[in-house]
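Q: Could you give me a close look at one part of this model, its inside, and then follow the trail outward from there? I'm new to this, so please keep it friendly and take it one step at a time.

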Amino acid sequence: MIRATTVGLLALFCIVAVGCAAAREEQQAALNAPTANVVGSWTGVAGQAGASIPVTLTLNQSGTNLTGNLNVAGRPDLSGPVTGGIQGEVLKLSLATRTFSQLIVKGDEMTGMTGVGQVILRRSK
């Protein structure tokens with residue numbers, strides 16, 4: 001009984017370790033990718049548990065430095081001028097009073113987790 005439990009726990013640990021390694025490799029690949037171009041207007045939603053709110057983001061880019069404006073509907077505390085940077089496909093933004101979690105940019109889509117939940121933005125053409 002104890003041996004079966006030990007083997008089961010060891011197997012579970014191995015699965016978790018492999019999953020973490022894969023996530024780490026994906027993160028490293030995003031950081032090492034060529035610097036993404038994020039200039040433009042982005043629209044989408046943020047939220048969790050079936051509740052989502054509209055988000056608009058306008059960005060300007062100079063090399064890896066970013067400036068712009070963020071509007072999260074009904075959340076003036078999460079809206080306003082933003083600054084940030086991009087390394088590869090990993091974007092980080094800050095308001096004057098808050099730093100957001102990183103977002104991953106893949107072409108014309110930006111995704112990630114923030115304080116308001118999952119964020120999905122698409123660049124307007």
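**From the inside out**

A: Let's get our bearings before we zoom in: the protein chain has 1 helix and 8 strands. If you read along the sequence, they come in the pattern α-β-β-β-β-β-β-β-β. Keep in mind that this is a predicted model. The chain has 125 residues, and buried ones make up 29% of them. As for the outside, the accessible surface comes to about 7700 Å², and carbon and sulfur atoms own 61% of that. Contacts also link distant parts of the sequence: among those with a separation of 6 or more, 36% are between residues 24 or more positions apart.

Now for the inside. The structure holds 1 cavity of 30 Å³ or more, and the volume of the largest cavity is about 150 Å³. What sits around its centre? Of the 14 residues in its lining, the closest to the centre are Val55, Leu70, Phe100, Thr114 and Val119. Three elements each give two or more residues to the lining: strand S2 (51–62), strand S3 (65–72) and strand S8 (117–123). How does the lining divide into nonpolar, polar and charged residues? The split is 12 nonpolar, 2 polar and no charged.

From here you can follow a few threads outward. Start with Phe100, one of the residues closest to the cavity's centre. Phe100 is also among the contacts of Ser94, along with Pro81, Val82, Thr83 and Thr99, once you leave aside neighbours within four places in sequence. Ser94 itself sits in strand S5 (residues 90–94). With Thr99, Ser94 has a side-chain to side-chain polar contact at 3.1 Å.

Stay on strand S5 for a moment, as Lys92 has its place there too. Lys92 counts as partly exposed because its relative accessibility is 48%, and the cut-off for exposed is over 50%. Beyond its neighbours up to four places away, Lys92 touches Thr83, Gly84, Gly85 and Gln102. Thr83 should look familiar, since Ser94 is in contact with Thr83 as well. Gln102 is 10 residues from Lys92 along the chain, yet their C-alpha atoms are separated by 4.8 Å.

Move along the chain and you reach Arg98, in the loop between S5 and strand S6 (103–106). Is Arg98 buried, partly exposed or exposed? Arg98 is partly exposed, because its relative accessibility is 34%. Not counting residues up to four places away, Arg98 touches Asp77 and Leu78. Leu78 is 20 residues away along the chain, with 8.0 Å between the two C-alpha atoms.

Next, go back to strand S3, one of the elements in the cavity lining. Ala73 lies in the loop between S3 and strand S4 (80–87). At 33% relative accessibility, Ala73 is partly exposed. Apart from neighbours within four places, Ala73 is in contact with Ile53 and Pro54. You can also compare the positions of Ala73 and Thr56: they are 17 residues apart along the chain, and 8.5 Å separates their C-alpha atoms.

The last thread is strand S8, another contributor to the lining. Arg123 is found in S8. Why does Arg123 count as buried? It does so because its relative accessibility is 17%, and buried means under 20%. Its side chain has some polar partners. With the side chain of Asp108, Arg123 makes a polar contact at 2.8 Å, and its side chain also reaches the backbone oxygen of Asn37 at 3.0 Å. Both of those residues are in the list of what Arg123 touches beyond four places in sequence, which also includes Val38, Val39, Ser41, Trp42 and Gly107.

Trp42 leads us to Glu109, since Glu109 touches Trp42 too, together with Ile104, Ile120, Leu121 and Arg122. Glu109 belongs to strand S7 (residues 109–114). At 2.8 Å, the side chain of Glu109 makes a polar contact with the side chain of Arg122. Glu109 is partly exposed, at 29% relative accessible area. Finally, Val38 and Glu109 are 71 residues apart along the chain, with their C-alpha atoms separated by 9.6 Å.

Notes: Residues numbered from 1 in each chain as written. Predicted model: local features only at pLDDT ≥ 70, side-chain atom pairs only at ≥ 80, totals over all residues. Heavy atoms only, no water. 1 Å grid on protein atoms, 1.4 Å probe; cavity = no way out; pocket = protein on both sides within 12 Å on 5 of 7 lines; lining within 4 Å. Points joined across faces, edges and corners; volume = space filled by probe spheres on them. Helix = DSSP H or I, 4+ residues; strand = E, 2+ residues; numbered from the N terminus. Nonpolar A, V, L, I, M, F, W, Y, C, P; charged D, E, K, R; others polar. Buried < 20%, exposed > 50% of the residue type's maximum accessible area, 1.4 Å probe, protein only. Contact = heavy atoms within 4.5 Å. Polar contact = N/O pair within 3.5 Å; in protein donor to acceptor, adjacent residues only side chain to side chain. Areas by Shrake-Rupley, 256 points an atom, 1.4 Å probe, with all protein chains shown as cover.
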